[in-house]
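Let's take a walk through this structure together, one piece at a time. Keep the viewer open and follow along as we go.

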There are 2 protein chains.
Amino acid sequence: MSQRPFNFSAGPAALPEEVLQQVAAEMLNWQGSGMSVMEMSHRGAEFTSIAEASERDLRDLLQVPSNFHILFMQGGGLAENAIVPMNLSRGGKVDVVVSGSWSKKSAQEARRYADVSVAADGAAGRYTSLPPVGSWQLRKDAAYVHLCSNETIDGVEFHELPDLKALGCDAPLVIDCSSHQLSRPIDWSRVGLAFGGAQKNIGPAGLTLVFVREDLIGHAMSICPSAFDFKTVAEAKSMYNTPPTFGIYVAGLVFKWLKAFSYAGKTGLAAIEQRNIDKAQLLYAALDASPLFENRVATDCRSRMNVPFYLRGAFNTDTLTQAFLTGAKERQLLQLKGHKSVGGMRASIYNAMPLEGVQALVAYLKDFETQYG
Amino acid sequence: MSQRPFNFSAGPAALPEEVLQQVAAEMLNWQGSGMSVMEMSHRGAEFTSIAEASERDLRDLLQVPSNFHILFMQGGGLAENAIVPMNLSRGGKVDVVVSGSWSKKSAQEARRYADVSVAADGAAGRYTSLPPVGSWQLRKDAAYVHLCSNETIDGVEFHELPDLKALGCDAPLVIDCSSHQLSRPIDWSRVGLAFGGAQKNIGPAGLTLVFVREDLIGHAMSICPSAFDFKTVAEAKSMYNTPPTFGIYVAGLVFKWLKAFSYAGKTGLAAIEQRNIDKAQLLYAALDASPLFENRVATDCRSRMNVPFYLRGAFNTDTLTQAFLTGAKERQLLQLKGHKSVGGMRASIYNAMPLEGVQALVAYLKDFETQYG
């Protein structure tokens, strides 16, 4: 087939072409079973083997320590905003670092269950930089500290997770890593729980991954639904309620694709991280050098995954933004529209986006500059 | 391709072959969009059109009145066991009719949020019959009455929903219809809310359907997660959190398949209901006439969807049960093992199961009788 368009959606987002081809090929008959994966009992031998392989490959890719459970859940990041405090807060104190739209929502939702304090807030800088770690107001007796390690809408990323212990805080760190999970390693020594929706780097919407240190489970509030009690889910190996089986299968294929991925002499997660770095550098360099376009995020915390950008100054009109988006689609550069809350454009360049996709976008930026600049 | 095996899984369950073929064909490029449905933003024009068509066709098939919202949610029936009382109970009283494993779980989970009373319980008869409506102990001030209109494990089905008003009860009726939704019409005049996981008659696991009368939303308890507040979900047209987009797409194809379905001179839901009646009659008649096999459910409430059966008396050994299951698989009759809590066998004969599948099962029953009877 001819080259597929480049899809810059923030999520649900592009998946590796090889994975989609395998999903299509196996749709009516998975490996001689006579069944589609969608048609398998989640308790049967076939699906059990699929789920176990998915978990094993994910654990391997991210080097998840053995004292962390990996849970396949439902509801996405927004549901976890409630599920995490129901499981971890014990109705006590929760400190949240607000670095953009998502962590703001997390703080708001946690208020239903806990005494929430905003430890720091990047609002004054319109979320174009991260609140300096030294400025965070952390409470000694917080049940946990929450942050969003990559803000999908604002394009702000933690390139290093804070060492809470070094800040004199013994509370576990919870990270919402929805939009950059599996794009880089996670320093598990600094994390107690990590969660994320699958629909960015991993697979179809409707699957949520939760990585939780074993000492943090078993403390759910009585009002926590059984289906969302980490202990119940962990003990049933994510089969307490019927899991999103097809999503787990697609994710498993993505994990296999990633393990075999090679780039710049590296393989696996190191390879995809290097390509993500190269893609991001290429795009940010083009925006910084442009007379017409700009990214407004501080250079030390620009996201490798989500790059919001705008037309500069007087060029920033709805008409010209629309002209850009229309021209992009004609060039097979899809879903570049910015989030409705901030407008402009956004290029999400997740794992499945090849370098050629970013090169094509950069070429279009330059052509657009020539035409309108 | 040659004939596919017949898949009797209780869920996730068989899907129409034509639907799987279309899903495979569109996997890399949905209708010229250049994207898989899994890769589309849920807010884009393409997916919006898919979701709107799914809802419209479902509303049409089930003749859902305009004062009912249709919500596409996540978490399955088990999550709804918590979500429904969080939304409807106002912390007050909930009456539950226990007719099997699922309604028992629903009663237990609702106790987290409400004063739950078991209005009737079929336990004494080991859930082989329905507690007579006249015997139900309903409280005048119950916030709602819950029942499971088809018990997947026990194989017991309400062939008529109770008229609570005629019983002097003004509370709305909530039905868990997971395992028979879309197999027959629903009498909406007797229902306030209906919910069900999609993984039986509709599509992949991970999608949950909720039909709720508009006056019943807007009363969620403060501890209800935003993502599961029916009002929030309804106002956002099921897009408050990222919905399980691929599941909505597959469900939409199933709805279209069902609208075009014809059988015995009928079309659509009436046609599938007739075929379901014919399939169930064929299988129950074979079991009732068998010297070797039996179904233990009272004839007036046998499920058209889930048919648990056992070897009779002295024949009922693990060895012979296993021999039956092994022989079934050799004949391409898949996933006939009974639920782990009750053992034996179970044939789930949902909408996608053709008449030929039940005929093949009946032929095997007879051959097995000849060999072992």
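Where is the place of A:Ser238 in chain A? A:Ser238 sits in the loop that runs between helix 5 (230-235) and helix 6 (245-260) of chain A. Please keep in mind that this is a predicted model. A:Ser238 is not a glycine, yet its phi is positive, at about 65 degrees. A:Ser238 also counts as buried, because it has 22 C-beta neighbours inside 10 Å and the threshold for buried is 20 or more.

A second backbone of this kind can be found at A:Gln31, where phi is near 40 degrees, again a positive value in a residue other than glycine. A:Gln31 belongs to the loop between helix 1 and helix 2 (45-62) of chain A. Is A:Gln31 buried or exposed? With 11 other C-beta atoms within 10 Å, A:Gln31 is exposed.

While we are looking at loops, turn to the peptide bonds. In chain A, the bond from A:Gly11 to A:Pro12 is cis, with omega near -10 degrees, and A:Pro12 lies in the loop between strand 1 (6-7) and helix 1 (17-25) of chain A. In chain B, B:Gly11 and B:Pro12 are likewise joined by a cis peptide bond, with omega about -10 degrees. B:Pro12 is found in the loop between strand 1 (6-7) and helix 1 of chain B.

Now step back to the overall layout of chain A. It is divided into domain 1 (19-258) and domain 2 (262-372), and the C-alpha centres of these two domains of chain A lie 27 Å apart. Where the domains meet, 21 residues of domain 1 of chain A are in contact with 21 residues of domain 2 of chain A. The domain 1 side of that contact is made up of seven nonpolar, eleven polar and three charged residues.

Within the range of domain 1, have a look at strand 10 (residues 208-213) of chain A. This strand is mostly covered, with five of its six residues buried. Strand 10 of chain A is joined by six bridges to strand 2 (residues 68-73) of chain A, and the two run antiparallel. Strand 9 (residues 193-197) of chain A also pairs with strand 10 of chain A in the antiparallel sense, over five bridges. A:Phe211 is a good residue to find on screen: it is the bridge partner of A:Ile70, and A:Ala194 stands opposite it as well.

Moving on to domain 2, there is an open sheet of three strands in chain A, with the order 13-14-16 and antiparallel pairing. Strand 13 (293-294) and strand 16 (345-348) of chain A stand at the edges with a single partner strand each, so one side of each has no neighbour in the sheet. Strand 14 (residues 306-311) of chain A pairs with strand 16 of chain A over four bridges, and here A:Asn306 stands opposite A:Ser348.

Which helices pack at an angle of about 0 degrees? They are helix 7 (residues 268-288) and helix 9 (residues 355-372) of chain A, whose axes are 10 Å apart. That angle makes helix 7 of chain A roughly parallel to helix 9 of chain A. Among the residues that meet are A:Leu282, A:Leu283 and A:Ala286 from helix 7 of chain A, and A:Val358, A:Leu361 and A:Leu365 from helix 9 of chain A. By class, this contact has eight nonpolar, no polar and three charged residues.

Let's cross over to chain B. There, B:Gln359 has its place in helix 9 (residues 355-372) of chain B, and it counts as partly exposed because it has 15 C-beta neighbours inside 10 Å. The C-alpha atoms of B:Gln359 and B:Ala286 are separated by 10.0 Å, although the two residues are 73 apart along the chain.

Strand 8 (residues 173-176) of chain B is covered on both faces: B:Leu173 and B:Ile175 on one side, and B:Val174 and B:Asp176 on the other, are all buried. Strand 8 of chain B runs parallel to strand 5 (residues 142-148) of chain B, to which four bridges join it, and B:Cys148 stands opposite B:Asp176. Strand 8 of chain B also pairs in the parallel sense with strand 9 (residues 193-197) of chain B, over three bridges, where B:Ile175 has B:Ala194 as its bridge partner.

Finally, how do the chains meet? 55 residues of chain B are in contact with 55 residues of chain A. Helix 1 of chain B gives the most to the chain B side, with five residues. That side divides into 27 nonpolar, 23 polar and five charged residues.

Note on methods:
Residues numbered from 1 in each chain as written. Chains lettered and ligands numbered in written order. Predicted model: local features only at pLDDT ≥ 70, side-chain atom pairs only at ≥ 80, totals over all residues. Domains from an automatic or database assignment. Contact = placed C-beta atoms within 7 Å. Nonpolar A, V, L, I, M, F, W, Y, C, P; charged D, E, K, R; others polar. Pairing = 2+ DSSP bridges. Axes fitted to C-alpha atoms, helices over the stretch in contact; angles between N-to-C directions. Parallel < 35°, antiparallel > 145°, perpendicular 65-115°, else oblique. Buried ≥ 20, exposed ≤ 12 C-beta atoms within 10 Å, placed from the backbone.
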